[in-house]
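User: I would like to go through this model piece by piece. Please reason briefly and finish each reply on the value or name I ask for.

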Amino acid sequence: MELHDVWFVLIAVLWTGYFFLEGFDFGVGVLTKLLARNRLEKRVLINTIGPVWDGNEVWLLTAGGATFAAFPDWYATLFSGFYLPLLVILVCLIVRGVAFEYRVKRPEENWQRNWETAIFWTSLVPAFLWGVAFGNIAHGVKIDRNFEYVGSIWDLLNPYALLGGLVTLTLFTFHGTVFTALKTVGEIRERARKLALKVGLVTAALAVLFLLWTQIDSGDGKSLVAMVVAVAALVAALMANQAGREGWSFALSGVTIVAAVAMLFLTLFPNVMPSSLNPDWSLTVTNASSSAYTLKIMTWLAVIATPVVMLYQGWTYWVFRKRIGTQHIAADIAH
Amino acid sequence: MDLALAPETLARWQFGITTVYHFLFVPITISLAALTAGLQTAWVRTEKEKYLKATKFWGKLFLINIAMGVVTGIVQEFQFGMNWSDYSRFVGDVFGAPLAFEALIAFFFESTFIGLWIFGWDKLPKKIHLACIWMVSIGTILSAYFILAANSWMQHPVGYRINGAKGRAELTDFWLVLTQNTALAQAFHTLSASFLTGGAFMVGIAAFHLFRKRHITVMKTSLRLGLVTVVIAGMLTAISGDTLGKVMFKQQPMKMAAAEALWDGQNSAPFSIFAYGDVSKGHNTVELSVPGLLSFLADDTFDSYVPGINDTNKAEQQKYGPGDYRPIIPVTFWAFRWMIGFGMASFAIGLAGLWLTRKKFMLPQHLRVGEDEVPHLVLFRNKALSPKLGRLYWLVAIWTLGFPLIANSWGWIFTEMGRQPWVVYGVLQTRHAVSPGVSQTEVLISMITFTTLYAILAVVEVKLLAKYIKAGPPELTEADLNPPTKIGGEARDADKPMAFSY
């Protein structure tokens with residue numbers, strides 16, 4: 001295994017970490033309309049991710065930065081090619097971060113309602129668009145001999161990619177629902193478990209369709225294994241949810257995300273962005289990667305820093321391990 | 001470069017707008033993290049309530065500010081790929097590494113520990129909670145270092161070779177990229193300017209309250225801390241600016257010639273404090289200049305030779321081939337002056353303030369005041385400023401809050417525009433760096449989107465800051481004074497509302 005292969009795996013790991021962690025953040029954001037019955041419940045939901053969402057989002061920045069360093073051409077083609085969807089994602093992430101932080105800073109109802117609406121939409125839209133983006137990456141897009149994306153925005157909105165978007169949206173919502181069941185106490189927890197069943201079934205239907213399509217499109221033996229794991233984990237997550245095993249349910253929905261991302265990356269390898277115009281124009285781990293020296297330095301960084309990051313991020317979850325209910329939300333809204 | 005709609009023009013405007021905007025928040029974040037941490041340390045050590053109140057007050061403003069810094073930073077991570085894909089392809093092997101280091105080492109640090117700090121008041125023992133804000137502070141400084149090392153490589157590329165076959169620059173010495181003198185000087189200058197900014201922010205807001213005779217105890221402490229910070233950081237900013245200037249005279253003579261609009265090289269080159277007329281045609285209507293100062297700034301002697309714009313342009317044409325290697329002279333000329341002018345004005349106001357509000361033991365009996373009284377502004381040994389002059393000082397002190405922000409912005413505009421037409425000095429020109437596959441319409445859409453969004457958020461942010469500034473430090477609660485002794489909070493508090501919730 002050469003270093004650029006190692007980095008292909010590491011980039012996959014970073015995206016997986018991002019979707020696992022911000023996946024439930026996005027899901028919780030969507031639940032503010034889907035699950036919460038009143039504004040107090042919305043606050044319970046938002047506070048389950050309050051201390052951690054920012055750290056979770058850094059997985060995206062790290063995935064971006066690491067792709068820039070390890071695969072400059074992948075970074076360049078992807079972000080200049082998927083320009084407008086990425087713009088929308090960035091706008092959402094900007095508004096979303098401000099919304100979490102500023103919502104409580106004024107007591108006026110209008111102010112708070114507006115930010116709540118913002119949290120819902122800016123969680124829903126990126127959850128959908130990341131699926132569209134990765135659907136397109138896996139499927140291949142119009143890339144010319146100079147590694148430039150030459151398609152239009154409409155090419156990106158093809159049925160396969162849109163289905164991918166629905167899968168990430170529902171899967172993240174499911175992930176957020178079981179997370180909510182795990183992190184809350186009281187009535188909202190019960191309702192989260194009931195909702196998880198519904199969302200989970202929809203997710204399963206869409207995911208099976210999308211993953212099968214992917215498998216037929218560009219799969220092999222390994223991706224088939226990943227697909228089976230993803231689907232089995234999703235079913236098991238649903239069963240655990242029905243049995244009231246919230247920890248298991250959350251862990252298993254996490255496994256679904258890990259396996260689904262793994263499957264997409266397995267179908268890609270050794271490409272990183274296949275060209276639909278000519279296979280010779282595809283970006284691969286070899287032609288898109290950085291020099292051996294840079295990859296070596298980056299590997300040292302990743303080997304040392306990633307475990308440390310996971311350790312202290314994990315510690316944060318332990319510090320805030322208590323479930324949250326309506327009784328934990330202070331009545332005086334302005335801080 | 002002259003064409004208004006050259007492919008790179010919009011992309012450059014967008015980069016300029018998003019980056020200058022982002023950098024309004026960065027220096028305040030860097031300095032307020034450390035200053036808040038310092039205040040919280042004082043609280044933990046002395047248990048004086050004024051320090052806890054100050055921590056809560058400045059911490060709140062810090063959080064309002066860092067939220068904007070964080071979200072505008074996301075754009076920075078991705079816009080190289082979006083608008084500057086050829087740049088990314090060409091430099092990614094070198095430039096990407098410090099960015100990845102920044103994300104993996106600094107961003108995780110900052111954002112994880114900021115969450116712990118915001119929500120940890122009733123979940124963490126006092127000292128661990130304090131450690132969290134220090135972690136945030138370390139994170140902000142590390143982050144600054146890595147990104148400045150990356151920028152320094154654009155100013156003065158080192159530790160790389162050109163791979164002709166792949167058509168890109170490749171890293172050969174990462175340590176050199178991190179430790180070259182440009183990076184050290186830039187980090188020193190930017191970090192000291194950041195503390196000047198945060199110090200002035202503190203001075204301005206404390207002066208506002210003291211002027212209105214509100215929250216005197218907390219604000220006197222804050223004023224003092226702010227003033228000391230402004231004076232020390234102001235001095236360091238000047239020293240590091242001088243160092244960086246000397247480095248730039250060697251590495252980018254064009255930038256420094258343009259800073260002075262010095263058209264032809266000369267010995268004992270003067271430095272004009274103010275120039276009137278069209279500097280782009282040679283500034284012959286100079287009002288006020290200090291002879292020999294530019295030579296001194298260049299290499300510590302008043303009579304040395306400083307190359308001019310024309311000589312440097314010719315030298316670069318010989319080196320890099322035909323072309324125009326001049327930046328936009330009036331911009332560099334004025335940006336350089338506004339940077340120094342506003343930065344040093346803030347320093348001077350701080351210095352004056354430190355003297356006027358000096359400690360009790362330096363004052364005669366009748367001018368000393370108690371802990372909860374607004375200090376007299378004492379200019380000479382025995383005499384306080386007249387009410388009119390005193391009022392004027394407080395107003396100026398309030399206004400100084402904005403000066404370093406202006407200076408910082410012009411500092412970046414100067415150093416980035418002064419490097420033009422290069423994006424990586426001597427290696428890659430800006431016009432070869434843009435994304436060939438991105439249409440002008442797309443860039444226009446994103447520029448309008450970001451600009452509009454940023455403008456709206458600016459209004460929201462400033463209003464929110466104003467609200468919390470006016471409100472002053474919060475009253476302390478029982479919970480504030482009795483932090484938990486166990487990680488995760490005390491068991492008896494299991495059903496209590498959280499000390500802070502979104």
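User: How many helices and strands does chain B have?
Analyst: This is a predicted model. In it, the secondary structure of chain B amounts to 15 helices and eight strands.

User: Why is chain B described as being as compact as a globular protein of that length?
Analyst: For 502 residues the globule rule gives 23 Å. The C-alpha atoms of chain B occupy a box of roughly 75 × 60 × 40 Å along the principal axes. Chain B counts as compact for its length because its radius of gyration is close to the rule's value, at 25 Å.

User: What share of the contacts in chain B join residues at least 24 apart?
Analyst: Burial first: 53% of the 502 residues of chain B count as buried. For contacts, take pairs at least 6 apart in sequence. Of these, the share joining residues at least 24 apart is 75%.

User: How do the elements of chain A run from the N terminus on?
Analyst: Chain A has twelve helices and two strands. Its radius of gyration is 20 Å, close to the 20 Å from the globule rule for 335 residues, so chain A is as compact as a globular protein of that length. From the N terminus, the order is α-α-α-α-α-α-α-α-α-α-α-β-β-α.

User: What percentage of chain A is buried?
Analyst: The C-alpha atoms of chain A fill a box of roughly 60 × 40 × 40 Å along the principal axes. Among its contacts between residues at least 6 apart, 78% link residues at least 24 apart. Of its 335 residues, the buried share is 61%.

User: Where is the kink in α1(A) centred?
Analyst: Helix α1 of chain A covers residues 3–34. From first C-alpha to last it reaches 45 Å, close to the expected 46 Å. Still, there is a kink of about 30°, and its centre is Glu22(A).

User: Is α1(A) largely enclosed by the rest of the structure or largely open, and how many of its residues are buried?
Analyst: A residue is buried when 20 or more other C-beta atoms lie within 10 Å of its own. Most of α1(A) meets that, so the helix is largely enclosed by the rest of the structure. The buried count, out of 32 residues, is 25.

User: How far apart are the end C-alpha atoms of residues 297–320 of chain A?
Analyst: An unreviewed UniProt entry lists several transmembrane regions in chain A, including residues 160–183 and 297–320. In the model, residues 160–183 are 100% helix, with end C-alpha atoms 34 Å apart. Residues 297–320 are 96% helix and 0% strand, and their end C-alpha atoms lie apart by 35 Å.

User: Which helix gives the largest share of the largest nonpolar core?
Analyst: The largest nonpolar core has 276 residues, and Leu90(A), Met263(A) and Ala100(B) have the most contacts inside it. The largest share is 22 residues, from residues 85–119 of chain B, helix α3.

User: Which residues of chain B does Leu90(A) contact?
Analyst: Leu90(A) is one of the residues with the most contacts inside that core. Setting aside neighbours within four places in sequence, its partners are Ile74(B), Val75(B) and Phe78(B).

User: Is Leu277(A) buried or partly exposed?
Analyst: Leu277(A) sits in the loop between β1 (271–273) and β2 (283–284) of chain A. Beyond four places in sequence, it touches Lys142(A), Ile143(A) and Asp144(A). It has 16 other C-beta atoms within 10 Å, so Leu277(A) is partly exposed.

Key
Residues are numbered from 1 along each chain as its sequence is written. Chains are lettered from A and ligands numbered from 1 in the order in which they are written. This is a predicted model: local features need pLDDT of at least 70, side-chain atom pairs count only at pLDDT 80 or more; totals for chains, interfaces and linings use all residues. Helices (H or I, at least four residues) and strands (E, at least two) are DSSP runs, numbered from the N terminus. The expected span of a helix is 1.5 Å times one less than its number of residues. The bend at a residue is the angle between axes fitted to the seven residues ending there and the seven starting there. A residue is buried if 20 or more other C-beta atoms lie within 10 Å of its own, exposed if 12 or fewer, and partly exposed in between; C-beta atoms are placed from the backbone. UniProt positions are given in the numbering used here, feature names are shortened, and annotations may be inferred rather than shown by experiment. Two residues are in contact if their C-beta atoms, placed from the backbone, lie within 7 Å. The radius of gyration is taken over C-alpha atoms; the globule rule is 2.2 Å times the number of residues to the power 0.38. A nonpolar core is a set of buried Ala, Val, Leu, Ile, Met, Phe, Trp, Tyr and Cys residues joined through C-beta atoms within 7 Å.
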